[in-house]
Every structure is written in C-alpha cells, then in structure tokens.
Amino acid sequence: MSKSAGCCQKCVEYLFYYETPKTLVIPNIGVGCVFRFTQLLVVITLLSVTTKVKGFAFTNTSDMDPRFWDVADYVIPPQGDRSFFVLTNMVVTPKQSQSRCPEFPSQSTTCVDDCDCIEGHSDPRGSGIQTGLCVNYSSTVQTCEVLSWCPLEIDTMLPEHALLATAENFTVLIKNSVTYPKFNFHGRNILPHINSSYLKRCEFNRATDPDCPIFRLKHIVSEAGEDFQDMAVKGGILGIIIDWSCDLDWWAGKCYPKYSFRRLDNKNPVNNVAPGYNFRFAKYYKTADGEETRTLIKAYGIRFDVIVFGTAGKFGIVPTIVNLGAALSFLSLVPVVTDWFMLTCMRKRDLYNKQKVSSLSEDSESMSMGTTYGTQ
Amino acid sequence: MSKSAGCCQKCVEYLFYYETPKTLVIPNIGVGCVFRFTQLLVVITLLSVTTKVKGFAFTNTSDMDPRFWDVADYVIPPQGDRSFFVLTNMVVTPKQSQSRCPEFPSQSTTCVDDCDCIEGHSDPRGSGIQTGLCVNYSSTVQTCEVLSWCPLEIDTMLPEHALLATAENFTVLIKNSVTYPKFNFHGRNILPHINSSYLKRCEFNRATDPDCPIFRLKHIVSEAGEDFQDMAVKGGILGIIIDWSCDLDWWAGKCYPKYSFRRLDNKNPVNNVAPGYNFRFAKYYKTADGEETRTLIKAYGIRFDVIVFGTAGKFGIVPTIVNLGAALSFLSLVPVVTDWFMLTCMRKRDLYNKQKVSSLSEDSESMSMGTTYGTQ
Amino acid sequence: MSKSAGCCQKCVEYLFYYETPKTLVIPNIGVGCVFRFTQLLVVITLLSVTTKVKGFAFTNTSDMDPRFWDVADYVIPPQGDRSFFVLTNMVVTPKQSQSRCPEFPSQSTTCVDDCDCIEGHSDPRGSGIQTGLCVNYSSTVQTCEVLSWCPLEIDTMLPEHALLATAENFTVLIKNSVTYPKFNFHGRNILPHINSSYLKRCEFNRATDPDCPIFRLKHIVSEAGEDFQDMAVKGGILGIIIDWSCDLDWWAGKCYPKYSFRRLDNKNPVNNVAPGYNFRFAKYYKTADGEETRTLIKAYGIRFDVIVFGTAGKFGIVPTIVNLGAALSFLSLVPVVTDWFMLTCMRKRDLYNKQKVSSLSEDSESMSMGTTYGTQ
C-alpha cells in the first residue's frame with residue numbers, strides 16, 4: 001500500500017494536472033492569439049514626407065544660351081513629394097515642330113531613290129513615319145524622309161561634364177512625420193529640442209549634426225559611396241532611408257530617426273542597358289500664328305527616393321506568450337529525447353528496452369491493476 | 001524496495017527532467033524570440049523601379065489635325081516612375097481662354113430672359129459662374145451665360161475607336177533592383193546571364209523569353225486577360241507584378257523575378273460610375289498680346305503600376321525553433337487526449353475511472369506516503 | 001507484482017505516448033510551418049486608387065486679374081493618383097525672364113558701389129548670381145545686381161485669406177479596388193448595393209451616407225479635426241485612410257471599407273520650420289520674338305494622401321496550429337510549476353524533497369529494477 005500506492009498516486013496526480021487545463025485554457029488563449037498576434041505584427045503606420053530643394057545654378061556652355069536655373073526649373077515633379085528628381089545634365093532640342101525631315105543615316109534608312117522608302121512605314125528604331133521620299137541628309141548621304149517632331153533630337157551629344165555640376169551644392173529639407181495610432185505615438189524628424197534658428201543654418205553631418213534635416217546633395221551622394229559628378233552625367237537613383245525602428249515601451253529611451261543613404265539603381269557598367277536615369281519631357285509653345293512648337297529635353301539627373309521604415313514595437317504580452325510557449329514546448333521534448341538516448345545509446349539500454357517491451361503485454365495486467373485499485 | 005522504488009525513481013527522474021530547463025532555458029529563448037522573430041518577418045527591402053516607354057504614333061482623324069506623337073507627348077508623368085500613364089484616347093478642346101459663353105442646355109440652364117439667370121451663381125453640375133445674362137446657345141435655345149474657360153469642353157464626343165490605337169505596339173523597358181540589406185542580397189530583373197545585344201532585340205514572352213525586361217503593351221494587356229483596343233477607349237489601370245519571393249539559403253537556387261499582369265480597376269459596366277481611367281490637364285500658352293490661352297485635354301489611357309513583391313527569406317533558426325516548438329507542444333497534448341479517451345471511450349473506462357477517483361482521497365495517503373519515504 | 005507493476009506499466013505507457021509522435025510529427029509540421037506561416041502573414045495585396053476632384057472657383061482680388069479656376073488649373077499633379085494636391089493659395093510672379101535685377105535689400109546685399117558686389121558670387125540665401133554691379137533698388141537703397149529670373153518673387157506677400165477659399169466646396173470621388181489573390185477576394189469601395197443614380201447625388205457623411213465614395217473637401221478636413229480656411233492659407237497634408245481589415249471567413253459578414261481622416265503634417269507652430277505645405281512651379285511661355293518667359297507660382301494648398309490598409313485574414317489553420325501549440329505548451333509548464341511549488345512552499349515539502357533526494361542515488365537501484373523486470 002504505502003510506497004507503491006504513494007508513487008502511483010503521484011503518477012495519477014501527475015496526469016491530473018494535464019487534464020484540468022485541457023478544457024479550460026485552450027479555447028481562451030488559442031483562439032485569442034490568432035487574432036491578437038496577427039494584429040500586433042501589422043501595425044498601422046501613417047507617414048508624411050515633404051521635401052524642399054534650395055539652390056540655383058548658372059550654365060554657360062557652347063551648346064546653349066547662358067541660363068539661370070532655379071528650383072522651378074530643375075526639380076521634377078515640382079510637388080516636393082517623397083520622390084524628387086534633380087536635373088543635372090540634359091540634351092535640349094529647341095524649336096521642334098510637326099514637320100518633315102531626313103532620318104539619321106543608318107543601314108535601314110539610307111536610300112538611293114524614293115522606291116527605297118515606304119510611305120507610312122514606321123521603323124520602331126527610327127524617329128518617325130516615313131513619307132516615301134528619299135531626301136538629302138547631307139551633301140553625300142540620302143535618307144528617307146520622316147514625319148516627326150523636327151529637327152530630330154541628337155541624343156548622342158550628351159555633355160561629358162554635367163551641365164548643372166553645381167547642383168552638388170543644392171540642399172534639401174526633408175520633413176517627415178510618423179504616427180502609430182495604435183501606440184498613440186507621433187514623431188517628427190525635426191526633433192523637439194531643435195530650435196528654428198539652428199534649423200536655418202544647420203546641415204546634416206553624421207558626426208557633428210546628426211539631427212539636422214537639411215542635407216547637401218553632394219553629402220548624400222558621398223555617404224552612399226558615390227561621386228556626385230560621376231553620377232550627375234548619366235543620372236541615377238539614390239535612396240534616403242529614414243529608420244524609425246524603435247521600442248516604444250516606457251522603459252526604452254526616446255525614439256529618434258536614423259538616416260542612411262544608398263544608391264538604388266545599378267551602376268555596374270557590365271550588362272547594363274540604358275545605364276543611369278533619364279527621361280524625356282517637353283515644354284510646349286505656340287507661335288504667333290498658332291503653330292505648336294516644343295522644346296524637347298532629355299533630362300539626366302538624380303532621383304532621390306525618401307524611404308521611411310518604421311517597425312516600432314511594444315513588448316506585447318501576446319507575442320511574448322506565443323514565443324515563450326513555443327520555447328517551453330521544447331521542455332516536453334526532453335523526456336522523449338532522454339528516453340531515446342536511454343534506450344539506444346546508454347550502457348544499460350537492454351534493461352530499459354526490456355522494461356518497455358514487457359509493458360506492452362499489458363492487457364491482463366492493467367486489468368488486474370484496475371481491479372486491485374478498485375478493491376483498495 | 002526494488003520494483004516499486006525503481007518505478008518511483010523513474011517517476012522522480014521524469015519530473016526532474018522538467019525542472020532543470022525551467023530556470024535555465026526560459027529567460028534565454030523566450031525573451032530573445034520576441035525580438036528576433038519580429039525582426040525576421042519585417043525585413044527591410046530597398047526597391048528601385050524605372051520605366052522607359054518607346055514608340056511613336058500618327059493620328060489623322062477628322063476631329064484633329066494630323067499629328068505625330070512621341071514619348072514626350074503621350075507618357076504622363078514623364079519621369080519614368082513605377083507608375084506611368086500611356087495616353088490612348090482623348091477629347092481636346094483647343095484655344096480656351098478666360099471669357100464668357102452660353103452654358104450647355106439642360107433643365108437648369110435654359111432661360112427665357114436675364115431674370116432666370118443669377119449673377120454669381122455657380123451650379124456644381126454646370127461649367128462656370130453665371131454672369132446673369134441669358135444668351136443664345138443656338139438659333140432655337142437660350143441658356144445662361146457663364147464666365148469660364150471658353151469654348152466649353154464637349155466631353156461626350158469621345159472617339160469610339162481609340163485615337164492612339166497603335167499604342168498597343170509601344171514597348172516598355174522596366175528596370176527593377178531589389179536589395180535586402182539584412183541578407184546582403186542584391187538582385188536585378190536584368191539577369192546576369194543576359195547580354196546587351198540580346199536586350200536590344202528581345203521582347204517578353206512567358207514561353208520563349210521569360211527573362212526579357214522589355215514588354216509590348218498589347219502583350220501585357222492580353223496577359224491580364226483584357227483586350228487592348230477595348231481598354232484603350234475608356235482607359236484603365238493595369239498592374240505589372242514583379243515577384244521576388246525567394247529562398248535565399250545557399251542550398252536554394254538562384255533568385256529570379258517572376259512577372260504577372262492583372263487589371264486593377266473595375267471593368268464591370270454594372271454599377272460603375274465613371275468607368276475607366278481619365279483625367280484632365282491643360283497646356284498653357286500666351287498669345288502675342290499677353291492673353292493666356294490653354295488647350296484642355298481630357299486624357300483617357302492606361303495607367304501601368306509596377307508592383308514589386310519581395311518576401312525573401314532565409315531558413316532562419318529562430319522562426320524554425322518557434323514553429324517547431326509550437327508543433328512539438330502538441331506532443332504534450334497526447335497524454336491528455338489519451339487519458340480522456342481512456343477514461344471515457346474505452347471498454348475498461350470504469351476501472352481507469354475508479355483508479356482516478358480513488359486517488360482523489362489522497363490527503364491521508366500522500367501524508368503516509370511522505371512519512372514512509374521519510375523513514376526509509 | 002500487481003500494484004507496483006500496474007503503476008509502472010502506467011508510467012511506461014505514459015512514456016510511450018511521447019515516443020511515437022517524435023518521429024512521425026516533427027518533420028512534417030515543423031518544417032512546413034516555417035514556410036506556410038510566413039506566407040500567410042505576408043499576404044499579397046493589389047490596390048488601385050483613382051481620385052477625381054470636381055468644382056470650380058472664381059478669384060477677384062487686387063493682386064490678380066479676375067480669373068476662373070477649374071480642375072485642370074488647381075489639381076497638381078493632374079493624373080488623379082492616390083496623392084493629389086488642391087491649390088488653395090498662391091504667390092504669382094508673372095512675366096519672369098532671364099535678365100538682371102537688383103537683389104532684395106538685406107545686410108549682405110546692400111552696397112555703396114560696384115566694389116561691394118563680386119561678379120559670379122552666388123549667396124545661397126540670395127536670389128541669383130551677382131553681376132558685380134551695384135544698382136538702385138529704390139530711390140534710397142542700392143543693392144547688388146543679380147542675374148536671375150526677373151522680376152524676383154516677393155513671397156512674403158502671401159494673401160492672409162486663402163485665394164481659393166471656395167475650394168472647401170470641391171468634391172472628390174475616390175475609387176478604390178482591393179484584391180487578395182490568395183483568398184480570391186476582390187473588393188471595391190463602391191459597394192454592390194449602390195446604384196449609379198445614388199452616386200450622382202450622394203456625399204459622404206459618417207452618419208447618413210457612410211458608404212458614399214464622394215467627399216466634400218471641407219468635410220474631410222473637419223473630420224480630421226481641422227479648419228479648412230485655416231489650413232488653406234499655409235497648406236498642409238491630409239490623410240484619407242481607407243481600412244479594409246476584414247475577416248474573410250465564410251461565417252464572417254461582408255467586407256466593407258471604413259474611412260477615417262487625419263492631418264499628417266505638423267501644424268504645431270512651435271518649432272516648425274517652413275510650416276504648411278507649398279512648392280514652386282512655373283508655366284513657360286515664349287514671346288513672339290522667341291524669348292522664354294515664365295509665370296512662377298508658389299503654390300500653397302492641401303495635399304490629400306489616400307492611404308489604404310488591408311489586413312484581411314482567414315482563420316488560417318496553420319497559424320491556428322502554431323498559436324494553439326504555443327498556448328498548449330504552457331500545459332507542460334504546469335507540472336514543473338506545481339512541483340516547484342510542492343517542493344518549496346508546501347507544508348510537506350521536506351517529505352517531497354526527501355523523496356527526490358533519495359532517488360538521486362539511483363545507479364544500483366535502476367540496475368536492479370532493470371534486472372527485476374528482466375526476470376519477470
């Protein structure tokens with residue numbers, strides 16, 4: 001009675017602990033976790049980013065008239081959105097109008113007489129729709145005439161040194177707000193301890209002014225490991241990354257943004273079609289007699305993309321439970337592993353095995369056991 | 001001593017396994033998981049997308065002068081962003097100026113004399129601010145005069161066949177870079193094994209050229225299950241989805257993007273206000289005498305949105321532990337379930353039940369058990 | 001034999017339950033969960049948003065000619081994207097041309113003679129590049145002449161009452177589609193039970209018309225707790241949040257979007273550089289003799305950002321398993337905790353402890369136990 005009964009009682013007691021929670025705990029925590037856990041990971045974040053570029057430039061090259069450039073001229077689009085483009089180099093084709101002109105000479109466009117040109121034909125690699133005429137391109141070469149915006153753009157004449165090289169001294173003010181409605185947190189990259197007079201003269205510098213939201217373009221590019229003048233010729237895309245990942249718990253410190261910079265496009269010249277970043281746009285004019293003309297600009301420059309990351313988190317009790325639970329479940333693995341170790345690797349494995357094997361012929365035994373207990 | 005003691009020892013041993021990890025493992029894994037697990041799911045991804053449309057068109061309809069169209073004319077906005085619009089149809093109202101003209105006739109705008117028109121009144125469904133005069137709209141109808149950009153736009157005269165129907169043959173080059181700083185992975189949709197000469201002539205085709213980043217607009221639209229010419233009339237929004245979901249483990253293969261296409265707006269004509277996609281913009285001119293005029297364009301077309309997904313993952317050891325742990329915890333459920341089964345469903349359930357019930361009157365027993373052990 | 005053997009058999013049986021799942025369950029669920037669980041949380045969502053503003057305004061102030069404004073004039077960019085700007089106030093500088101003019105007087109720009117001005121010098125806070133001449137700014141003040149777009153913009157003369165104050169009555173139609181390809185769910189903010197005639201006259205109102213997708217700008221701003229006329233003077237950024245968080249299970253109800261509104265920029269005048277929201281853009285003209293002129297507009301207004309959230313979820317079986325598993329694993333903690341409680345806090349802890357301590361000298365015992373069993 002005494003020892004073995006006490007032991008068995010212990011076993012029974014042991015079993016009993018498992019039984020109670022089975023019906024009580026599972027429905028509550030299990031179902032609840034599915035919803036609350038998912039909610040916590042997908043935190044709603046409200047962002048606003050505005051950018052404002054400052055600076056002007058003056059160009060005086062042989063290709064173009066002397067010209068003064070300000071923000072309205074070189075920032076495209078002008079809205080000061082989280083992605084803005086600063087024009088640094090360009091091919092300008094002024095005074096284009098809807099008319100006819102000879103194609104550039106190439107294997108498929110040179111011609112001897114009109115029979116070589118098909119009226120209405122448009123070569124995808126050409127510049128317009130063929131009129132069917134073969135005309136003089138120069139004194140020595142004849143090419144098919146096309147209907148197009150003439151004169152045609154000669155985009156191989158891109159200046160080797162960026163026209164707006166002085167754009168490297170432009171500055172950009174980035175205003176960024178972050179709101180986590182769930183945590184009732186609102187943050188700005190203009191920190192509370194910064195006053196307006198400081199903001200008028202400061203400039204971001206990782207060492208001396210890490211909190212100033214005004215960035216010199218040259219500095220941004222060099223922090224990304226690039227050279228502004230190199231990048232300005234053919235253009236490129238530069239990411240300004242603002243990282244708001246913070247722990248919002250009361251015991252954690254203040255939540256400050258961290259800036260980093262990285263070139264996003266591929267600058268590797270190997271296997272790089274159309275390297276850099278450029279696009280064409282036109283300014284449309286009307287002459288006194290109502291004819292539409294345009295200035296076509298193939299714009300090369302640097303697109304700055306402000307990318308805001310926020311993974312603010314509080315020490316949520318639910319994910320803690322889930323993770324803690326998962327960790328604890330390994331404890332239940334311990335006896336399994338130990339048994340396996342005991343039964344396969346230990347010196348006395350035969351004895352243990354025997355014990356296990358013998359217990360499988362339990363039918364009569366457990367019956368008698370049951371009876372025995374019953375008569376206690 | 002022998003058998004029962006051995007058995008109890010087994011029990012004790014069993015209990016002992018649980019005890020050790022309790023204090024050692026929980027604080028380490030549990031707390032660590034909360035942070036590392038969350039981090040792993042919210043992987044920072046840096047994207048860059050540029051698009052470049054190529055192609056030109058020629059329109060020659062009764063409504064408009066013959067006109068040649070190139071990229072600078074039909075791509076809006078011109079920047080080659082991840083969302084670009086290709087103009088396919090339009091209602092053009094040229095030579096508008098700030099002046100006065102009769103309203104379109106409707107129940108609320110027709111009038112008999114000036115008393116029917118209220119100076120300064122602006123009907124939200126009208127076209128301008130009423131001047132208070134009742135003027136001839138045609139030889140038979142009189143309507144209130146309005147101050148507006150005149151002549152008014154007649155937007156019911158949308159061409160039934162898209163003006164720029166040939167836009168279906170335009171191509172777009174999409175350059176997309178993806179960077180996962182955490183995994184030190186950088187990918188491009190221009191794959192390393194592709195050379196420049198191939199890129200100059202290739203065109204995306206799921207079967208023959210699945211890696212070519214140049215897409216014919218007609219092909220994109222038809223892959224999305226739509227007809228280009230249908231969509232071109234009223235406009236629409238088409239998603240170009242680039243999926244970078246990859247396993248970045250060393251044992252996994254290369255990480256290549258997969259393209260798919262899907263119409264994003266609702267084309268269902270039932271219950272569809274303002275179907276399709278259109279917007280109004282204007283080109284502003286100044287006449288020789290300084291008066292401002294504009295050409296108003298109601299632009300219909302297809303907006304292409306490049307959507308990049310990246311769920312790259314490595315076989316992280318932490319989420320594996322968490323998930324494995326959760327799975328394993330089910331093992332701890334096994335005895336509970338088995339016991340329940342044993343006690344309720346099995347033939348011998350009465351015996352088992354008896355055993356359990358008897359153990360509930362443990363107070364004196366466990367006491368004596370304790371004593372017995374104590375005197376050992 | 002009877003009691004103790006039965007008890008031990010129970011123990012063995014108990015152990016045996018653990019062993020079977022070890023090899024069967026772990027590889028299947030564990031590895032599978034890592035992938036399937038991650039997939040489920042990062043659900044691909046395809047969105048499309050288009051916006052269409054309606055309304056017109058008339059301005060007649062002393063600063064400007066009387067002017068009529070429609071959508072093409074005041075919505076920038078015009079594309080009807082998810083972020084659109086409504087012009088409400090402005091500083092217009094017409095007839096600028098590339099020429100020379102005296103700087104605004106300030107400490108650094110006033111001069112006595114040409115020696116005070118350095119040719120080619122460009123002060124970042126100035127308006128252009130100095131020509132080296134000192135010229136009359138007014139009858140009393142002389143300043144350095146600069147090469148710039150002249151006349152210079154005087155941006156301190158911002159109207160105190162927003163020019164386009166009537167913009168508060170403009171309405172915007174927001175069309176939003178959401179697709180979860182994984183769940184084969186497609187939703188629109190124009191709900192199926194809404195008919196076209198209702199949509200032509202309805203206007204969003206949280207109480208009476210919560211499903212109407214047409215919003216009066218004034219209403220949006222006031223729902224965000226702001227005053228339109230206040231905000232219109234200096235500009236700002238307003239978020240229109242559409243929340244599609246739904247449970248997509250069959251037993252859950254329909255999935256409807258919920259609208260909310262929130263100002264995203266910082267309106268706090270304290271510590272606020274360049275408050276509000278403004279940007280500069282220009283319209284370019286050419287005079288009859290080919291000279292380029294422009295109208296520079298410093299545009300103040302409200303940028304509306306449509307932000308769509310979607311955290312649709314189905315009662316996924318895999319996360320349920322993971323979470324349930326984690327919850328259940330706490331059950332395995334129960335005996336550990338109970339034992340600890342039993343051994344440290346209970347009255348009879350000495351007895352229990354003794355039992356534990358005695359079992360540690362198990363070497364010979366378990367050996368004999370093994371033998372005993374072996375000879376059964």
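Which elements of chain A have the lowest and the highest mean pLDDT?

**Figure 1. Confidence along chain A of this predicted model.** Let's begin with how sure the predictor is. Among the elements of chain A, helix 9 (residues 363-375) has the lowest mean pLDDT, 36, while helix 4 (residues 217-223) has the highest, 95. Averaged over chain A, the pLDDT is 75, and 66% of the residues score at least 70. Two stretches deserve a careful eye. Residues 11-42 of chain A stay under 50 in pLDDT, and the model gives them 68 contacts beyond four places in sequence. Residues 312-320 of chain A are also below 50, with 27 contacts beyond near neighbours in sequence. For the complex, the predictor reports an ipTM of 0.73 and a pTM of 0.76.

**Figure 2. A disulfide between two strands of chain B.** Now we turn to cysteines. A disulfide is a covalent bond between the sulfur atoms of two cysteines. There are twelve disulfides over all chains, and one of them joins B:Cys101 to B:Cys150, with the sulfur atoms 1.9 Å apart. The angle about the S-S bond is -70 degrees, and the link of B:Cys101 and B:Cys150 is left-handed. Look for B:Cys101 in strand 5 (residues 83-102) of chain B and for B:Cys150 in strand 7 (residues 142-150) of chain B; the pair therefore ties together parts that are 49 residues apart in sequence. Both B:Cys101 and B:Cys150 are buried.

**Figure 3. A disulfide within a loop of chain B.** Here B:Cys202 and B:Cys212 are joined, with an S to S distance of 1.9 Å. Is this disulfide left-handed or right-handed? The torsion about the S-S bond of B:Cys202 and B:Cys212 is about 70 degrees, so the disulfide is right-handed. Both B:Cys202 and B:Cys212 sit in the loop between helix 3 (196-201) and strand 10 (214-216) of chain B, ten residues apart. B:Cys202 counts as buried because its relative accessibility is 7%, and B:Cys212 is buried too, with a relative accessible area of 0%.

**Figure 4. A disulfide between a loop and a strand of chain C.** The sulfur atoms of C:Cys111 and C:Cys134 lie 1.9 Å apart and form a disulfide. This link of C:Cys111 and C:Cys134 has 95 degrees about the S-S bond and is right-handed. You can find C:Cys111 in the loop between strand 5 (83-102) and strand 6 (129-136) of chain C, and C:Cys134 in strand 6 itself, with their places 23 residues apart in sequence. C:Cys111 and C:Cys134 are both buried.

**Figure 5. Cysteines without a disulfide in chains B and C.** How far from B:Cys115 is the nearest cysteine sulfur? The sulfur of B:Cys117 is 9.1 Å away, and B:Cys115 is in no disulfide. B:Cys115 counts as exposed because its relative accessibility is 69%. In chain C, C:Cys115 is in no disulfide either; its nearest cysteine sulfur belongs to C:Cys117, 9.1 Å away. C:Cys115 is exposed, with a relative accessible area of 69%.

**Figure 6. The surroundings of C:Thr295.** Our last stop is strand 14 (residues 292-309) of chain C, where C:Thr295 has its place. Is C:Thr295 buried or exposed? With a relative accessible area of 8%, C:Thr295 is buried. Leaving aside residues up to four places away in sequence, C:Thr295 touches B:Lys286 of chain B. Its contacts in chain C include C:Val92, C:Thr93, C:Pro94 and C:Lys95, as well as C:Phe281, C:Ala282, C:Lys283 and C:Tyr285.

How values were computed: Residues are numbered from 1 along each chain as its sequence is written. Chains are lettered from A and ligands numbered from 1 in the order in which they are written. This is a predicted model: local features need pLDDT of at least 70, side-chain atom pairs count only at pLDDT 80 or more; totals for chains, interfaces and linings use all residues. Side-chain values use heavy atoms; hydrogens and water are left out. Helices (H or I, at least four residues) and strands (E, at least two) are DSSP runs, numbered from the N terminus. Buried means under 20% relative accessible area, exposed over 50%, partly exposed in between (1.4 Å probe, protein chains only). Contact means heavy atoms within 4.5 Å. A disulfide is a pair of cysteine sulfur atoms within 2.5 Å. pLDDT is the predictor's confidence in each residue, from 0 to 100.
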